[in-house]
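Biologist: I would like to go through the labels put on this structure and hear what each one rests on. Please give the value and the cut-off each time.

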Amino acid sequence: MAQYNDVKNLLEKYHQEHLLRFYDDRNTAEQNQQLIDDINSVNFQSLCRQEYFDDSNQSNKSIDEHLEPLDASIQQDIRQTSAEQLEQYRKIGLEEISKGKVAVLLLAGGQGTRLGSSLPKGMFDVGLVSKKTLYQIQAERIYRLQEMAGKSAIIPWYIMASEHTIEPTIEFFKKHNYFNLDEKNIRFFEQDIIPCFTLDGKIILKETYKLARSPNGNGGLYEAISKKGILNDMQQRGIEHIHAYCVDNILVKVADPVFIGYCASKNVECGAKTVEKMNPGEAVGVICKVRGRYQVVEYSEVSKEISERRNTDGRLMFNAGNICNHYFTLKFLQDKVHYDELPYHQAKKKIPFVDNEGNHVKPDKPNGIKLEKFIFDVFRFVDVDKFAVWQVLREDEFSPLKNNDQATRDSPTTARLSLYNLHQRYVLKAGGKIIDGEKGIPVPLLSSPVLTSDKSHYENQAICEISPLLSYEGENLANIVDGKTLSTPVMLS
């Protein structure tokens, strides 16, 4: 009874007394204890704050007057970088990899809900000729990089999954023998799940004895790597540079040596890859300065006037589109990131619940709030002269998998054809030619699907797939394809 009274007092303090409404009424003794334990696991002080549920404090207010473009000194565009400079960055990155100083953090907590799949996104079949999944493609890129770096190089891979994706992901890797990577160098860990709330800030019950919960966002990474021993493991391995990215990008250059080399050469503690916004209205956050600190500002926070503002060269003034692709030093994550100071952001969702009679309800419109932290909110902890932005070509490095094939963008089809397009360009650059396997005529190079939403255009993309085990970014192909004519479908492995 003392335990019940303690919980009751705690709930009263945070105006959450409703969580006990089924205690000793509809629940068994075991369920009552489960409810008490579930409540006791909640950090009410951190979560039950009115500003998280007050729409007037959310990001619908313009912050135009506080915005500044990125300083030229902290950003570099791959298009304006010489081949010699790129090779120097690559050399630095590969050297750091060869010394065992580079690790990879993968954010893999997302389910394929919008894809219409119950599988974790990393296991989704986008329809490649090889049938490779995102997990396999990324694993093979790591394997190839280790070969390129030489000296028995090892790139530890830390994979953060969620409550719903952790077990399927681990089983998938086991089933595929870790894609020939050493099991000892892959570590899976789970991000925290936190309660879901009603629109006015009351915690939702999923069952009469269980709280409704959801993952705490990709910004939950920082708490997880601290509490789950990931930072300690990195320190013991001698890691200095960390590449973090989201699982859904089929074109991601995992542990990109050029990006690592660029950030290392600038001696920064945090870096971000970006792509140029295609137009002012594109629904993507941009990296800029706000009140003297770097941050990602969502497109909905900026007025139309500011989003359309251009530089003298005609490019958008605020054009550094965020793609969740980041560089950190281990020292920065250990010494400067205070995860408990990162804010929660609200996302309105349809959240199943039990009503006052204990009946299960599946809402048909958003009825609640899931709180999330964002990975990029740690930019606030970075010294302004210790941050770097590396802008890359969208068609080379960013094609996310988010929607089903009824959508015109970010679908399995656009992901698959984006990879084929990139690989076709690799073959052409290496001196090869591609002809239609049925018609015997040259296959034209089309614009990448990430640059157009015209399905009739990009669906004529040539099928061309190159195994990451053969080539990480187009290297190692000239001796195979130079001066040769290849018929579609092209498969190089």
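Biologist: Why is Glu-95 called partly exposed?

Modeller: In this predicted model, Glu-95 has a relative accessibility of 33%. Buried means under 20% and exposed means over 50%, so 33% puts Glu-95 in between, as partly exposed. Lys-99, at 46%, is also partly exposed.

Biologist: What makes the contact of Glu-95 and Lys-99 a salt bridge?

Modeller: The N to O distance between the two side chains is 4.0 Å. The rule asks for a side-chain nitrogen of Lys or Arg within 4 Å of a carboxyl oxygen of Asp or Glu, and the pair is listed as a salt bridge at that distance. The search of the whole structure finds 35 salt bridges.

Biologist: Which parts of the chain does the salt bridge of Lys-289 and Asp-71 tie together?

Modeller: The closest N and O atoms of Lys-289 and Asp-71 are 3.0 Å apart, and the cut-off is 4 Å, so the pair qualifies as a salt bridge. Lys-289 lies in strand β13, whereas Asp-71 is in the loop between β1 and β2, so the bridge ties together parts that are 218 residues apart in sequence. Lys-289 counts as buried at 11%, while Asp-71, at 29%, is partly exposed.

Biologist: How do you know that Asp-233 is buried or exposed?

Modeller: Its relative accessible area is 17%. Buried means under 20%, so Asp-233 is buried. Its salt-bridge partner is Arg-237, with the closest N and O atoms 3.0 Å apart, and Arg-237 is partly exposed at 31%. Both residues lie in helix α8, 4 residues apart, which is about one turn of the helix.

Biologist: Which residues are joined into one network by salt bridges that share partners?

Modeller: The network consists of Glu-87, Arg-90, Lys-253, Asp-256, Lys-273, Glu-397 and Glu-473.

Biologist: How do you know that the span of helix α4 fits its number of residues?

Modeller: Helix α4, residues 83-98, has 16 residues and reaches 22 Å from its first C-alpha to its last. The expected span at 1.5 Å a residue is 22 Å, and the helix comes close to that. Among the buried residues of α4 are Leu-86, Tyr-89, Arg-90 and Leu-94. The buried residues pack against several elements, including β2, β3 and α5. After α4 comes Gly-100, with a positive phi near 75 degrees.

Biologist: Why is Asn-325 called buried?

Modeller: Asn-325 has a relative accessibility of 2%, and the cut-off is under 20%, so Asn-325 counts as buried. Asn-325 sits in strand β15. Leaving aside neighbours within four places in sequence, Asn-325 has contacts that include His-243, Phe-259 and Lys-273.

Biologist: How many disulfides does the search find, and why is Cys-196 not in one?

Modeller: The search of the whole structure finds 0 disulfides. The closest cysteine sulfur to that of Cys-196 is in Cys-48, 13 Å away, too far for a bond. Cys-196 is buried, with a relative accessible area of 1%.

Biologist: Why is Cys-324 in no disulfide?

Modeller: The nearest cysteine sulfur, in Cys-246, is 3.1 Å away. A disulfide needs the two sulfur atoms within 2.5 Å, so Cys-324 and Cys-246 are not counted as one. Cys-324 is buried at 10%.

Definitions and conventions. Residues numbered from 1 in each chain as written. Predicted model: local features only at pLDDT ≥ 70, side-chain atom pairs only at ≥ 80, totals over all residues. Heavy atoms only, no water. Helix = DSSP H or I, 4+ residues; strand = E, 2+ residues; numbered from the N terminus. Buried < 20%, exposed > 50% of the residue type's maximum accessible area, 1.4 Å probe, protein only. Contact = heavy atoms within 4.5 Å. Expected span 1.5 Å × (residues − 1).
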